[in-house]
Structure formats: structure tokens, C-alpha cells
Amino acid sequence: MDVDAFDSLLGDEGQALLSALRDYDPAKELATATRLRRDHPPALVSAALTQATLRQRAVAKFGPEDAHRMYFTPNGVEQSTRTSVAAYRASRFAEFGVRRMADLCCGIGGDAIALARAGISVLAVDRDPLTCAVTRANAEALGLAELIEVRCADVTEVDTRDFDAVFVDPARRGGRGRVFDPEAYSPPLSWAIEAARTTPRAALKIAPGVPHEAVPEDAEAEWISDHGHVKEAVLWFGTARPGLRRATLLPSGHSLIGTPHLPDPEPGAVGRWLYEPDGAVIRAHLVADVAARVGGRLIDPTIAYITTDELRPTPFATAYEITDVLPFNLKKLKALLREREVGVATIKKRGSAVEPEQLRKKLRLEGGNACTIVLTRSAGSPTMLLGHPAQALSGGSVTPAAG
């Protein structure tokens with residue numbers, strides 16, 4: 001889809017087509033296209049079908065109300081920030097007192113929309129003409145055009161010194177897929193860092209797997225998860241705590257701030273309770289902080305599982321009541337699950353070479369009971385833990401590992 005094809009969607013005929021296609025089934029695209037081309041230009045029908053499909057995909061990130069009013073490109077849907085994360089970040093900028101900022105590499109405008117809804121005036125910049133046209137249309141569709149100015153330009157040529165803040169979201173995908181080297185971002189992370197230092201406040205969106213050694217000393221690093229899934233990392237500049245590491249969990253908004261120089265907890269035997277830290281906590285290297293909060297120990301020096309003898313709930317980890325601790329043995333596991341009539345099993349792994357789905361096939365589960373199986377290492381040895389989520393307590397004692 002080029003700019004002209006996209007512009008045709010904004011007219012009355014294009015809008016009528018999009019309304020008619022809101023709930024269409026992509027599996028019936030050929031039949032739908034054939035029918036619509038009897039009364040509409042083929043190019044317009046093709047653009048409308050593409051946009052209808054993208055809107056359906058975008059519901060997961062933007063929600064049905066916004067997704068079916070907005071416009072997208074294939075890359076825009078894939079790379080845009082989901083609304084919950086963008087709104088959280090915009091709220092931080094608003095709390096800093098930011099009133100005018102530049103959104104560099106704005107994409108289809110997901111972050112610009114959240115910033116505008118937080119009352120911030122935004123200059124949204126992207127070098128792709130179609131992407132800019134989509135961003136303008138989104139600002140109009142959501143009633144935010146007065147707060148969002150769109151500029152089609154190379155972000156490296158934009159003077160940001162007169163803004164309160166900048167947000168940079170470098171492209172992390174190339175012709176061969178996802179890019180992992182921060183200097184292979186477009187623009188490179190080193191350029192984005194220098195751009196961030198030109199304004200009082202700044203945030204850089206980066207991949208959550210960024211090496212900690214790549215984080216500048218004058219930046220606060222924040223890892224963000226949404227409903228338990230790690231979505232991104234952000235480097236903040238101009239905050240009161242440079243060098244800080246933070247893990248933020250959405251939608252609750254709980255934020256864990258790292259304690260400097262906190263030693264790793266000592267490993268020990270698996271107790272009655274097992275804690276699985278949120279992915280953002282693990283990415284931020286804050287497992288020791290969660291262990292300190294619950295008074296726990298690691299089950300192995302190299303595994304991010306925490307254990308305690310008493311339950312101390314925390315929003316930063318999911319707790320499980322452990323009923324059995326056994327050396328890994330497929331035959332024993334099958335017999336135990338058969339004896340307990342387990343037909344539904346949640347299989348987790350960390351530090352194990354066993355693939356959960358392959359194991360599930362071999363277990364041939366039958367019965368009306370449920371169980372959580374954790375494949376891991378304890379004291380360096382392959383171990384299987386059986387239990388239940390803390391909210392489904394079943395009582396009982398822990399069966400220690402056999403020799």
C-alpha cells in the first residue's frame with residue numbers, strides 16, 4: 001500500500017468499506033474481494049481489506065475501540081507499543097512536568113497518542129511518508145490532531161534542544177528479522193543516547209534483552225512486563241536516580257527498585273513454597289531483591305527460582321505450594337501423576353533440557369485433577385517439583401528429594 005492508496009481510504013467510499021469490513025473473516029478474503037470489486041475500484045478494495053485485517057490484529061495492542069478507528073501498516077502493528085505500556089510511560093513524562101516533547105521514530109503513532117492523551121504536545125517524526133500519513137490519520141481519528149504535529153524527516157536531522165523531553169524508539173528489525181546488536185538499531189543506540197542528552201528528560205525504548213553493560217551510567221534502566229510478559233526496556237535520562245534498575249509490572253503498576261550492591265541470596269533446599277519472579281524482575285537482575293522481600297533462598301545458584309518455608313506473597317513473583325521434590329525420572333513422574341489422577345498439568349522449565357510439550361505427550365495424562373510440574377535444577381542436579389499455585393492451596397507437606 002502506497003500513500004495514494006492509503007489516502008483513498010480516508011474518503012467517503014473508503015470509510016464506508018472499512019465500516020462494512022469491521023467483522024469480516026480474513027479466511028474469506030477472496031470471496032469478499034470478488035464481491036466488493038463489483039461496486040468499488042480494485043485498488044480501494046485491496047487497501048480496505050488490508051486495513052481491516054491489520055485492525056483486527058491491532059486489537060490485542062490497542063483494544064477494540066481504538067483499533068477499529070485507527071490505521072496501520074504491517075510493520076506498524078508489529079513494532080508499535082501496546083496502549084498499556086505507552087500510557088504508563090506517558091504518565092511518567094507527565095509526572096516529570098513535560099509539556100512539549102519530540103517522539104523520534106514515531107511509527108504509526110502509538111506513543112504519540114498516549115503522550116497527547118496525557119496532555120503533552122508532541123512532535124512525531126518518521127522518515128517514511130506512508131507511516132507519517134498513517135500517524136496523521138490516527139491523530140485525526142482520535143481527536144488529538146491539535147496536540148500531535150507529524151513531520152516526515154530523518155530523525156538525526158531534527159533539532160530537539162527546545163523540547164522538554166524526547167522519546168526515541170529505534171527500529172530493531174532489519175531485512176533479516178529482529179536486530180539484537182544495539183548499534184545495529186536504526187538509528188544506532190549510541191546516537192539515541194546522545195540525542196537523549198540534549199533535553200532535560202528523555203526515554204529510549206530498547207529490547208528487553210539488552211546487555212546491562214550497554215546501559216549508560218547516567219541512565220535509569222526500567223524493564224516493563226504486561227500481564228506477565230516482558231514487553232520492553234526503557235532507558236530514562238534526567239531522572240533523580242541515574243544508575244538505578246527498575247522492574248515495572250502492568251497493569252498493576254507495581255514497580256520494584258533495585259537495592260545497590262545487594263548480594264545474591266544463598267542457595268538452599270527446596271522449601272514448601274516456590275516463587276517464580278516476573279520476567280521483568282529477572283531481566284532487571286532483581287531476583288535478589290525479591291528474595292530479600294520474602295526472606296527466601298535460591299534453589300540453585302544459577303536458577304532464578306526462590307524458595308521459602310513460609311508463604312510471603314509478593315506482586316513480583318508467582319508463588320507455588322510444592323508437594324513433591326524428586327530427582328528427574330520420567331517413569332516415577334508418570335506413576336505419581338497416574339496415582340493422583342492428574343489430567344491437567346502446567347509444565348514449567350528453567351535450567352532443564354526437557355521440552356515441556358514433548359514431556360506432555362509422554363505423560364499421557366488422564367484424570368480430573370490438576371498439577372503444576374516444574375522442571376529445573378536443585379543443587380546442580382536435574383529436579384522435578386510438583387505443586388499448585390498459591391491461590392489453589394491444597395495443604396500437605398513437602399516430600400524431600402531421594403538420594
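In this predicted model, strand E7 (residues 201-206) and strand E9 (residues 229-237) run antiparallel and are joined by 5 bridges. One residue that takes part in this pairing is Ile206, whose bridge partner in E9 is Ala233. Both strands belong to an open sheet of 9 strands, in which the order is E3-E2-E1-E4-E7-E9-E8-E10-E11 and the pairing is mixed. Strand E3 (148-152) and strand E11 (254-257) each have a single partner strand and stand at the edges of the sheet, so that one side of each is left without a neighbour there. From one strand to the next, the twist of the sheet averages 20 degrees.

Helices lie across this sheet. Helix H6 (residues 83-95) lies across strand E1 (100-104), strand E4 (165-168), E7, strand E8 (219-226), E9 and strand E10 (245-250), and its direction makes an angle of about 20 degrees with that of E9. Helix H8 (residues 129-141), for its part, lies across strand E2 (121-126) and E3, and runs at about 170 degrees to E3.

Besides its contacts with the sheet, H6 also packs against another helix. The axes of H6 and helix H7 (residues 110-117) come within 8 Å and cross at roughly 45 degrees; the two helices are therefore oblique to each other, a class that takes in angles which are neither under 35 degrees, nor over 145, nor from 65 to 115. The crossing in which H6 passes H7 is right-handed. On the side of H6, the contact involves Ala86, Ala87, Arg89, Ala90 and Phe93, which meet Gly110, Asp111, Ala114 and Leu115 of H7. Sorted by character, the residues of this contact comprise 6 nonpolar, 1 polar and 2 charged.

A further helix pair is formed by helix H2 (residues 12-20) and helix H4 (residues 42-67), which pack at an angle of about 45 degrees with their axes 9 Å apart. H2 and H4 are therefore oblique to each other, and their crossing is right-handed. The contact is made by Glu13, Gly14, Leu17 and Leu18 of H2 together with Leu44, Val45, Ala48, Gln51, Ala52 and Arg55 of H4. Of the residues in the contact of H2 with H4, 6 are nonpolar, 2 are polar and 2 are charged.

Several loops contain notable backbone features. The peptide bond that leads from Ser186 to Pro187 is cis, with omega near 0 degrees, and Pro187 is placed in the loop between strand E6 (177-178) and helix H9 (189-196). A cis peptide bond is also found from Leu250 to Pro251, where omega is near 10 degrees; Pro251 lies in the loop between E10 and E11, the latter being one of the strands at the edges of the sheet.

Positive phi values occur in residues other than glycine as well. His285, which is not a glycine, has a positive phi of about 60 degrees, and this residue is found in the loop between helix H10 (279-283) and helix H11 (287-294). Because its relative accessibility is 48%, His285 counts as partly exposed, the limit for an exposed residue being over 50%. Ala379, likewise not a glycine, has a positive phi near 55 degrees, and its place is in the loop between strand E17 (369-378) and strand E18 (381-389). With a relative accessible area of 67%, Ala379 is exposed.

How values were computed: Residues are numbered from 1 along each chain as its sequence is written. This is a predicted model: local features need pLDDT of at least 70, side-chain atom pairs count only at pLDDT 80 or more; totals for chains, interfaces and linings use all residues. Side-chain values use heavy atoms; hydrogens and water are left out. Two strands pair if DSSP finds at least two bridges between them. Helices (H or I, at least four residues) and strands (E, at least two) are DSSP runs, numbered from the N terminus. Axes are lines fitted to C-alpha atoms, for helices over the stretch in contact, and angles run from 0 to 180 degrees between N-to-C directions. Contact means heavy atoms within 4.5 Å. A crossing is left-handed if the near helix is turned anticlockwise from the far one by less than a right angle, and right-handed if clockwise. Ala, Val, Leu, Ile, Met, Phe, Trp, Tyr, Cys and Pro count as nonpolar, Asp, Glu, Lys and Arg as charged, and the others, Gly among them, as polar. Buried means under 20% relative accessible area, exposed over 50%, partly exposed in between (1.4 Å probe, protein chains only).
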